[in-house]
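Okay, thanks everyone, let's get going. I'll put the model up and then talk through some helix packing, one serine and the cysteines.

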Amino acid sequence: MKDVSCFLAGAAWLMLAPAALIYWHKRTRTPFFPAFIALPVCFAAFFFAGIIRSGFGSISFVLACIRNGLLYGVFEEGAKFLALRFALMEYATASNAVTYSIGHGAYESFGAAVSCFALIGKGTASPYILPLNLWAVTEGTLSCAAVTVIIVYGIRTNKSRYTLPAAIALHAVSNAAGHMFITPVAITLRSLQTAGECYAAYRLENRDKK
């Protein structure tokens, strides 16, 4: 039964991005282009962040979680900002931001899917692997979309000096919380943060339209 759960968890990660992209395109008529641009941008961000991370010495577990959260927050959200600000300026709308976030999430989803598939046949997977991954794929998708909308709002309104540091901080806190706390606490904290991010993105977009 664990093997079936591992397969379904991996399949959920793989199917999310294309399903979300098709659904969002049909609903908003936004182009696919921003999502495809996000893939190489995300690859570069992870590549350089990984190189820097490998050069760090050993420190305490808590400090390592905070450090890594900040590192990937800076590189992922910074690369996202640069792409949306300079390569995709004409796509600086909330709907296109969501499309971009789907492409960003697709890169991370592939790694998560491989991790789930790698557990098949080993008998070491958690009995809760399927519900945990279904939560992770949902929470991660919503968080990435909300933070990307916040970044695009800042670009469009010339407030990136506020929104970019906020996006980096949100990313860092979410990453750190996911590793520092036991699973039930991490799920609660990250779910609450993601709900707040979605609300903030919604309020910013509606404020901009007034």
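Before the first pair, a quick word on angles: the axes here are lines fitted to C-alpha atoms, over the stretch in contact for helices, and the angle between N-to-C directions runs from 0 to 180 degrees. Also, keep in mind that this is a predicted model.

So, helices α4 and α5. That's residues 94-118 for α4 and residues 129-157 for α5, and they pack with their axes 8 Å apart at an angle of about 150°. Anything over 145 degrees counts as roughly antiparallel, so that is what we call α4 and α5. Their crossing is right-handed.

Who's touching whom? On the α4 side you've got, among others, Ala94, Ala97, Val98, Tyr100 and His104, and they meet a set in α5 including Ile129, Asn133, Cys144, Val149 and Arg156. Sorted by class, this α4–α5 contact comes out as ten nonpolar residues, four polar and one charged.

Now α5 has another partner, α1, which covers residues 2-28. The axes of α1 and α5 are 8 Å apart, and the angle is about 15°. That puts α1 roughly parallel to α5, and this crossing is right-handed. From α1 the contact uses Ser5, Cys6, Leu8, Ala9, Ala12, Trp13 and Leu16, while α5 brings in residues including Ile129, Leu130, Asn133 and Val137. By class, the α1–α5 contact has eleven nonpolar residues, three polar and no charged ones.

If you were listening for repeats: Ile129 and Asn133 of α5 turn up in the contact with α4 and in the one with α1.

Next, the serine. Ser174 sits in helix α6, residues 160-180. Is Ser174 buried or exposed? Its relative accessibility is 6%, so it counts as buried. If you skip the neighbours within four places in sequence, Ser174 is in contact with Glu139, Arg190 and Gln193.

Last bit, cysteines. How many disulfides does the structure hold? Zero. Take Cys144, which we met in the α4–α5 contact: the nearest cysteine sulfur belongs to Cys42 and is 7.8 Å away, whereas a disulfide needs the two sulfurs within 2.5 Å. Cys144 is buried as well, with 10% relative accessibility.

And why is Cys198 not bonded? Because the closest cysteine sulfur, the one in Cys144, is 11 Å from its own, which is too far for a bond. Cys198 is partly exposed, with a relative accessible area of 27%.

Okay, that's me done. Over to you for questions.

Conventions. Residues numbered from 1 in each chain as written. Predicted model: local features only at pLDDT ≥ 70, side-chain atom pairs only at ≥ 80, totals over all residues. Heavy atoms only, no water. Buried < 20%, exposed > 50% of the residue type's maximum accessible area, 1.4 Å probe, protein only. Helix = DSSP H or I, 4+ residues; strand = E, 2+ residues; numbered from the N terminus. Parallel < 35°, antiparallel > 145°, perpendicular 65-115°, else oblique. Left-handed = near helix turned anticlockwise from the far one by under 90°. Contact = heavy atoms within 4.5 Å. Nonpolar A, V, L, I, M, F, W, Y, C, P; charged D, E, K, R; others polar.
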